[in-house]
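User: I would like a close look at one part of this model, explained slowly enough for someone in their first year.

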Amino acid sequence: SLVAKLAALVPGYTNGQGPAARRPKRTERILVVESDPYTRRTLKRILQTWYIVLEAETEREAMRHVKGSDPHLVMLNFHLPRTNVRRLCEKIRRRGTSAASESPQQGPPILLLANSAESLSMAQVHELGAEDRIYKPLPVSIVEKRVKALLGQRAAASSFPPAEAAS
């Protein structure tokens, strides 16, 4: 099962039991905007020990969370059905507030989730209004590194398992 795989890859991952469950949760909120339920659940399981994970399946749900929950990071499916990703990134940027960024106009950082078969350059990512991208399938160590980097938590690296332990 996925939980067993995560437990083998991530030291202290216990699916709500043992020492990891007693570790205090952080207050940073990550919004996962993904139409595929499996990918959404996988990301939630990877991140929920350390972050508050909000989920959205559609653009409308995503904007409801952006307006009401003020996420610190948005992980956005590059191929969200019936969605213009560039326009959605702009909306997220306009609705972001100071808790998610230094500037109220900037909004939360956006991490695009793309299929491994496509080549999405960093120039294209920035043109869309995002900071970075990761490719599916989602390696745990890459998710951890990118989330930490985008949330500016390099100093708190000990709260996430070391990347070499998750490889």
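How do H3 and H7 lie with respect to each other?

Analyst: This is a predicted model, in which local features need pLDDT of at least 70 and side-chain atom pairs count only at pLDDT 80 or more, while totals for chains, interfaces and linings use all residues. Residues are numbered from 1 along each chain as its sequence is written, and side-chain values use heavy atoms, leaving out hydrogens and water.

H3 covers residues 37-47 and H7 covers residues 140-151, where a helix is a DSSP run (H or I) of at least four residues and a strand (E) one of at least two, numbered from the N terminus. The axes of H3 and H7 come within 11 Å and cross at roughly 65°; axes are lines fitted to C-alpha atoms, for helices over the stretch in contact, with angles from 0 to 180 degrees between N-to-C directions. H3 and H7 are therefore roughly perpendicular to each other, a label used for 65 to 115 degrees.

The residues that meet are Leu43, Ile46 and Leu47 on the H3 side, and Val140, Val143 and Val147 on the H7 side, contact meaning heavy atoms within 4.5 Å. Sorted by class, this contact holds six nonpolar residues, with no polar and no charged ones. Two of the H7 residues named above, Val140 and Val143, also appear, together with Val32 and Leu111, in a second, separate core of 18 residues, a nonpolar core being a set of buried Ala, Val, Leu, Ile, Met, Phe, Trp, Tyr and Cys residues joined through side-chain atoms within 4.5 Å.

Val32 leads back to H3, since it is one of the residues that Arg40 touches, and Arg40 is found in H3. Arg40 is buried, with a relative accessible area of 11%, buried meaning under 20% with a 1.4 Å probe and protein chains only. Setting aside residues up to four places away in sequence, Arg40 also touches Glu34, Ser35, Glu55, Ala56 and Glu57.

For comparison, the axes of H4 and H5 come within 9 Å and cross at roughly 15°, and H4 and H5 are therefore roughly parallel to each other, as angles under 35 degrees are called. Here Glu59, Met63, Val66 and Lys67 in H4 meet Leu88, Lys91, Ile92 and Arg95 in H5, and by class this contact has four nonpolar, no polar and four charged residues.

Conventions. Buried means under 20% relative accessible area, exposed over 50%, partly exposed in between (1.4 Å probe, protein chains only). Angles under 35 degrees count as roughly parallel, over 145 as roughly antiparallel, 65 to 115 as roughly perpendicular and the rest as oblique. Ala, Val, Leu, Ile, Met, Phe, Trp, Tyr, Cys and Pro count as nonpolar, Asp, Glu, Lys and Arg as charged, and the others, Gly among them, as polar.
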